[in-house]
Amino acid sequence: MEMGCIQVFKPCGYCGEPFEVDDKNPNELKRKYCSEFCRTEAANERKRERIKIGKRSYNVECDICGKIFLTNRSTNKTCSPECNHERQKKLSRAGYYRQKEAKKEKAKETEQKRIETLTEVQQKAQAAGMTYGNYMKQQFLKQLEEERERNGRTKDVHKESDG
Ligand SMILES: [Zn+2]
Ligand SMILES: [Zn+2]
């Protein structure tokens, strides 16, 4: 039995394994970790904690490649500038198709209206006992007449307001 030599074991601050320290060496006694590996890992852990506390971070799934990535902005949609570029391209393409669809829809509507008007006119012509052509001619003349009347009236109104 050796006297004066007490083995001191301390639990590792990272992995929890007891490790031997020289109780004569104050530096050894201050050691918290069993190995360089545990010391570095513990430091990394603290760093990660600090980042977590300092900046909110989010696990977000990339819109393009589907990779889960860590970001401090929950509005981030892509994992990398490349994916972001790809996403912008996709978005503008989608916008283009939406616009095209809207245009098509509008054209369809206009055409539908035109057909409705045509049928309406045909029905009116029929009711008046006229052919479509005659009816349209009459409508045109009536419109001209109305136009002339309107112009004349405007002049009259103008005269009246003058006097
Ligand atoms: Zn350890
Ligand atoms: Zn991505």
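Start with burial across the whole chain: of its 163 residues, 2% are buried. Keep in mind throughout that this is a predicted model. Now look at contacts. Among those with a separation of 6 or more, 8% link residues 24 or more positions apart.

Colour by secondary structure next. The chain has four helices and four strands. Along the sequence they follow β-β-α-α-β-β-α-α.

**Stop 1: Cys12**

Select Cys12. It sits in the loop between strand 1 (8–11) and strand 2 (18–21). Is Cys12 buried or exposed? Neither label fits: Cys12 is partly exposed, because 17 other C-beta atoms lie within 10 Å, and a buried residue needs 20 or more.

Show the contacts of Cys12. Leaving aside residues up to four places away in sequence, Cys12 touches Glu17, Phe19, Tyr33, Cys34 and Cys38. Then add Ser35. Cys12 and Ser35 are 23 residues apart along the chain, and 8.4 Å separates their C-alpha atoms.

**Stop 2: the hairpin of strands 3 and 4**

Move to residues 58–61, which form strand 3, and residues 68–71, which form strand 4. The two run antiparallel, and four bridges join them. Pick Val60 and look across to strand 4. Which residue is the bridge partner of Val60? It is Phe69.

While the strands are on screen, check the side chains. In a regular strand they alternate between the two faces of the sheet.

Now follow the turn. Six residues lie between strand 3 and strand 4 in this hairpin. One of the residues to select here is Gly66, whose phi is positive, near 80 degrees.

**Stop 3: helix 3**

Select residues 81–127. This is helix 3, with 47 residues. From first C-alpha to last, helix 3 reaches 69 Å, close to the 69 Å expected at 1.5 Å a residue. How many of the 47 residues of helix 3 are buried? The number is zero, so helix 3 lies largely in the open.

Step off the end of the helix. Just after helix 3 comes Gly129, with a positive phi of about 70 degrees.

**Stop 4: Met136**

Finish in helix 4, residues 132–162, and select Met136 there. Met136 counts as partly exposed because it has 14 C-beta neighbours inside 10 Å; the exposed class ends at 12.

Then draw a distance from Met136 to Val121. The C-alpha to C-alpha distance is 8.1 Å, and the two residues are 15 apart in sequence. Val121 falls within residues 81–127, the range of helix 3, while Met136 belongs to helix 4.

Definitions and conventions:
Residues are numbered from 1 along each chain as its sequence is written. Chains are lettered from A and ligands numbered from 1 in the order in which they are written. Two residues are in contact if their C-beta atoms, placed from the backbone, lie within 7 Å. The expected span of a helix is 1.5 Å times one less than its number of residues. Two strands pair if DSSP finds at least two bridges between them.
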